[in-house]
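Student: Please take a close look at the helices of this model and at the contacts that link parts of the chain. I would like one connected account.

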Amino acid sequence: MASPTITLAFALCGVALGTLTGLLPGLHVNSVAFLLVGIAPGIDGPPVAVGAAILAAGVVHTFLSIVPGLVLGVPDAATAPGALPGHRLVLAGRGREAIRLSAVGSGVALLGSVAVALPLSRVVAAGREWLLAALPILLALVAALLVLAEPTRRARLGGVLCLCVATALGFLTLDLPATGALTPRGAASMLAPIFGGLFGAPILLDAVDADGAIPPQEGTTLGLSGSETLRAALSGVGGGALVGYLPGVSAGVAAVLALGGAGGSGPAGRGSDRAYVVATSGADTATAVFAVASLAVLGAPRSGVTVALSSLAGAGSPSAPPSASMGATAPIPLLEMLLVIVFAAGLGIAVLLTVGERYLLVVRRLPRRPLVLGVLGLLFALSVGFAGVLGGAVFCLAAAVGLLPPRVGARRVHLMGVLFGPIALGW
């Protein structure tokens with residue numbers, strides 16, 4: 001058992017690493033988790049301390065990852081009307097406000113999710129057999145809700161198309177053999193190149209030729225009332241609670257499901273854009289908390305970070321399908337994991353409000369094309385490192401699929417069908 005001092009020191013290292021990876025455009029939190037699993041055997045430290053570092057890095061990464069997305073995703077004038085809410089705020093010079101809204105949403109959601117994670121996990125554990133039996137139906141319902149959340153008929157049809165293509169990609173690639181130099185034998189997985197290709201590379205590819213100018217970011221006053229902010233953040237907690245216990249479903253799915261309660265699924269406007277940022281940040285944080293509770297109480301990893309923790313404990317493999325590990329264990333007890341999350345989240349909010357704002361001001365002045373191409377090259381190299389040459393090919397294929405949603409007017413969240421599609425169909 002590691003001493004509290006050693007665990008704290010490792011957690012601080014995780015916070016630093018999560019800050020670095022969170023500010024690196026296009027790097028998915030799952031890739032961070034598997035990278036940590038790959039280097040964990042070479043770290044001289046007890047599993048509890050290494051687990052604390054993995055957990056802290058994953059949590060802080062989710063806090064900071066909004067910042068590069070705000071900068072690199074800004075569109076040009078022709079496509080600005082269809083921009084995401086965060087990008088619209090940046091175009092209006094409200095990027096610093098968007099960062100503050102994200103911090104508030106994550107902070108409120110953290111408190112709410114930590115308060116209910118343990119009792120809710122016990123309720124879910126009591127009905128675990130029912131949950132497993134009903135899993136295909138529940139996942140199909142989630143997919144249907146995501147499609148219905150699209151605002152237009154064209155977008156809904158596009159969502160169905162993206163869901164089908166992503167499901168096919170999952171059937172094609174998830175079982176492929178991976179031989180990554182960055183991960184230990186038996187732990188290599190195609191998940192890192194799949195997620196990097198689907199959710200990282202397409203945004204960067206679209207940003208290569210974008211010539212949208214980022215205006216000065218001046219305003220910091222929050223444009224939501226206290227009640228609106230609270231409602232949006234708690235909507236994120238509700239979405240995170242729903243998907244934190246379902247395999248193959250991400251925080252992005254939680255965010256979309258939360259938007260109905262946040263008012264962010266309606267037309268763009270003063271309140272809806274800000275509520276969207278609060279709700280998505282809250283859902284991201286809440287999902288991380290509930291995924292940890294699911295691992296500790298149900299023995300079921302529900303995110304890249306928790307799969308990494310269970311792999312570190314020697315009771316699971318990242319290459320296994322998300323529904324396969326129902327008996328995994330974590331190297332840290334639930335109470336200690338929640339304490340690490342609260343500690344890392346507190347530092348993550350502080351870093352987001354300080355380093356994140358400076359990053360926003362500095363990166364807007366850098367030449368976009370060399371930056372984007374450099375990050376794309378890094379993501380491809382990481383994919384090869386995680387899963388070998390075949391992983392590099394899967395990354396390129398996933399990147400091509402990831403370009404589809406904006407071309408058909410749908411959200412990228414439908415691409416999570418790469419995981420829950422095969423599960424729902426009995427893979």
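Tutor: Helices here are DSSP runs of H or I with at least four residues, numbered from the N terminus. The model is a predicted one, and every value below should be read with that in mind.

Let us begin with helix 3, which covers residues 47–64 and holds Pro47. With a relative accessible area of 48%, Pro47 is partly exposed, because the class of exposed residues begins only over 50%. Although Pro47 and Thr7 are 40 residues apart along the chain, their C-alpha atoms are separated by 9.6 Å. Helix 4, made of residues 66–72, contains another proline, Pro68, and this one counts as buried, since its relative accessibility is 4%. The C-alpha atom of Pro68 is separated by 7.5 Å from that of Leu360, a residue 292 positions away along the chain.

The charged pairs give a second view of how parts of the chain are joined. As a general point, side chains of opposite charge can pair when their charged atoms come close. The structure holds five salt bridges, and three of these pairs can be followed in detail. In one of them, the side chain of Glu357 meets that of Arg96, with 3.1 Å between the closest N and O atoms. Because Glu357 belongs to helix 14 (residues 334–363) and Arg96 to helix 6 (residues 95–126), this pair ties together parts that are 261 residues apart in sequence. The two partners differ in their cover: Glu357 is buried, with a relative accessible area of 7%, while Arg96 is partly exposed, with a value of 22%.

In another of the bridges, Arg411 pairs with Glu150, and the closest N and O atoms are 3.7 Å apart. This pair links distant parts of the chain as well, although here both partners lie in loops: Arg411 in the loop between helix 16 (404–407) and helix 17 (417–424), and Glu150 in the loop between helix 7 and helix 8 (153–173), with their positions 261 residues apart in sequence. Both Arg411 and Glu150 are buried.

A further bridge joins the side chains of Glu97 and Arg94, at 2.7 Å from N to O. Glu97 counts as buried, since its relative accessibility is 0%, whereas Arg94 is partly exposed at 22%. These two residues also take part in a network of salt bridges that includes Arg274. Arg274 has a relation to another part of the chain, for its C-alpha atom is separated by 6.9 Å from that of Leu224, the two being 50 residues apart along the chain. Leu224 sits in the loop between helix 9 (191–208) and helix 10, and with a relative accessible area of 9% it is buried.

From that loop we can pass to helix 10, residues 226–243, whose geometry agrees with that of a straight run: its 18 residues should span 26 Å at 1.5 Å a residue, and the end C-alpha atoms are 26 Å apart. Its buried residues include Thr229, Ser235, Val237 and Val243, together with glycines such as Gly236, Gly239 and Gly240.

Helix 15 offers a contrast in geometry. Its 35 residues, 368–402, would reach 51 Å as a straight helix at 1.5 Å a residue, yet the end C-alpha atoms are only 20 Å apart. A bend of about 135 degrees is found in helix 15 at Ala387.

The surface can be approached through helix 7, which runs over residues 128–148 and contains Leu141. Together with Leu145 and Leu148, Leu141 forms a nonpolar patch on the surface, and the three share about 290 Å² of accessible area. In general, an α-helix has 3.6 residues a turn, so residues three or four places apart point the same way. Leu141 itself counts as partly exposed, since its relative accessibility is 47%.

Finally, the cysteines. With a cut-off of 2.5 Å between sulfur atoms, the count comes to zero disulfides. For Cys162, the nearest cysteine sulfur is that of Cys164, at 9.4 Å, and Cys162 is in no disulfide. Cys162 is buried, because its relative accessibility is 0%, whereas Cys396 counts as partly exposed, its value being 43%.

Terms used:
Residues are numbered from 1 along each chain as its sequence is written. This is a predicted model: local features need pLDDT of at least 70, side-chain atom pairs count only at pLDDT 80 or more; totals for chains, interfaces and linings use all residues. Side-chain values use heavy atoms; hydrogens and water are left out. Buried means under 20% relative accessible area, exposed over 50%, partly exposed in between (1.4 Å probe, protein chains only). Helices (H or I, at least four residues) and strands (E, at least two) are DSSP runs, numbered from the N terminus. The expected span of a helix is 1.5 Å times one less than its number of residues. The bend at a residue is the angle between axes fitted to the seven residues ending there and the seven starting there. Patches are made of residues with over 30% relative accessible area and no salt bridge: like charges are joined within 9 Å, nonpolar side chains (Val, Leu, Ile, Met, Phe, Trp, Tyr) within 5 Å. Accessible areas come from the Shrake-Rupley method with a 1.4 Å probe; for residues, only the protein chains shown count as cover. A salt bridge is a side-chain nitrogen of Lys or Arg within 4 Å of a carboxyl oxygen of Asp or Glu.
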